[in-house]
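Please open the structure in your viewer and keep the selection box handy. We will go from stop to stop, picking something to select each time and saying what is there.

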Amino acid sequence: YDNHGGTLNKRSGSGDDTIAFTYKSVGYRTEDLMGQELGGWTELAQADGICFGTLGQRSGPSRSTIRRIFTSMPPETLRLLDINLREPFYDATRIDESLSWANALKLNDEELALVSNAVGISGSEEQRIEAIRQRYRLQWVAVTRGARGSTVRTEQTWSHREGQPIAVVDTVGAGDAFAAAM
């Protein structure tokens with residue numbers, strides 16, 4: 001994104017409508033806060049939890065800011081990694097580093113395969129979930145499977161839930177809603 005205006009072309013049944021729009025600095029913030037005191041971020045450092053992913057780490061300054069926030073938080077703070085793997089914004093190093101910052105993980109079944117390969121873990125789905133949980137000392141791992149439901153592994157138990165039949169309108173945000181519920 002940038003600070004310039006743009007044009008959105010909307011095609012309708014009766015022809016083309018052109019709608020002009022402007023926007024300012026929308027999207028992920030990439031500013032470097034490393035040289036700044038956390039000052040106004042005191043409330044964030046006192047939060048009960050924080051959710052992060054690989055998309056928010058697309059730039060070095062963003063990764064540095066996330067790392068700085070984590071170092072200011074007590075170790076018991078929930079650090080939920082909602083990994084959101086999107087090409088080309090991840091690699092094995094970013095996955096490993098993100099997992100090392102987290103104490104809880106939410107991912108979908110496709111991401112489980114990618115993460116497992118990236119960190120060199122094989123086996124059945126349950127074996128991979130447990131191996132990732134143990135290696136990175138995660139309190140829990142939640143895997144979503146769309147219409148097939150979900151699995152959650154905590155330190156004490158497994159929970160498998162079947163999907164519920166619904167009329168899907170749009171899946172955008174479904175994973176975020178699941179992570180928020182966790």
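The tour below moves from the core to a helix, then to the salt bridges, the pocket and some backbone details. Keep in mind that this is a predicted model.

**Stop 1: the core**

Select L99, L105 and I132. The largest nonpolar core has 26 residues, and these three touch the most other members. Now colour β3 (49–52), α2, α3, β5, α4, α5 (125–135) and β6, the elements that each give two or more residues to this core.

Stay with L99 and show what surrounds it. Setting aside neighbours within four places in sequence, L99 is in contact with L81, L105, V115, V119, I132, Y136 and L138. There is also a second, separate core of six residues, and you can find it by selecting L80, A104, A142 and A179, which are among its members.

**Stop 2: helix α5 and I132**

Move to I132, which sits in helix α5. Is I132 buried or exposed? It counts as buried because its relative accessibility is 0%, and the cut-off for buried is under 20%. Without its neighbours within four places in sequence, the contacts of I132 are L99, L105, L112, V115, S116, I121 and L138. Try a C-alpha to C-alpha distance from I132 to S116: they are 16 residues apart in sequence and 7.7 Å apart in space.

Next, widen the selection to R128, I129, E130, I132 and R133, which are buried in α5. Which elements cover the buried residues of α5? The cover includes α3, β5, α4, β6, β7 and β8 (158–161).

**Stop 3: salt bridges**

Show the charged side chains next. As a general point, side chains of opposite charge can pair when their charged atoms come close. How many salt bridges are there? The count comes to seven, and we will visit some of them.

- Select E97 and R67. They form a salt bridge whose closest N and O atoms are 3.2 Å apart. The pair links distant parts of the chain, with E97 in helix α3 (residues 92–101) and R67 in helix α2 (residues 60–72), 30 residues apart. E97 counts as partly exposed because its relative accessibility is 24%, and R67 counts as partly exposed at 34%.
- Select D82 and K106. Their side chains meet in a salt bridge at 3.5 Å, N to O. This pair also links distant parts of the chain: D82 lies in strand β4 (residues 78–82) and K106 in strand β5 (residues 104–108), 24 residues apart. Both D82 and K106 are buried.
- Select R148 and D109. The closest N and O atoms of this salt bridge are 2.7 Å apart. R148 is in the loop between β6 (140–144) and β7 (150–154), while D109 is in helix α4 (residues 109–118), so look for distant parts of the chain, 39 residues apart, being linked. R148 is exposed, with a relative accessible area of 52%, whereas D109 counts as partly exposed at 23%.
- Select E130, R133 and R153. Salt bridges that share partners join these residues into one network.

**Stop 4: the largest pocket**

Switch on a surface. The largest pocket holds about 750 Å³ of space. To centre the view, select T144, G146, T171, A174 and G175, which lie nearest the pocket centre among the 29 lining residues.

Colour β5, α4 and α6 (174–181), the elements that give two or more residues to this lining. Of these, α6 gives the largest share, four residues. By chemical type, the lining of the largest pocket divides into seven nonpolar, 11 polar and 11 charged residues.

**Stop 5: backbone details**

Finish with the backbone torsions. Most residues other than glycine have a negative phi, and most peptide bonds are trans.

Select E87 and P88: the peptide bond from E87 to P88 is cis, with omega near -5°. P88 is in the loop between β4 and α3, and N84 lies in the loop between β4 and α3 too. N84 is not a glycine, but has a positive phi of about 45°.

Last, select R137, in the loop between α5 and β6. R137 is not a glycine either, and its phi is positive, about 55°. R137 counts as exposed because its relative accessibility is 72%.

How values were computed:
Residues numbered from 1 in each chain as written. Predicted model: local features only at pLDDT ≥ 70, side-chain atom pairs only at ≥ 80, totals over all residues. Heavy atoms only, no water. Salt bridge = Lys/Arg side-chain N within 4 Å of Asp/Glu carboxyl O. Buried < 20%, exposed > 50% of the residue type's maximum accessible area, 1.4 Å probe, protein only. Core = buried A, V, L, I, M, F, W, Y, C linked by side-chain atoms within 4.5 Å. Contact = heavy atoms within 4.5 Å. 1 Å grid on protein atoms, 1.4 Å probe; cavity = no way out; pocket = protein on both sides within 12 Å on 5 of 7 lines; lining within 4 Å. Points joined across faces, edges and corners; volume = space filled by probe spheres on them. Nonpolar A, V, L, I, M, F, W, Y, C, P; charged D, E, K, R; others polar.
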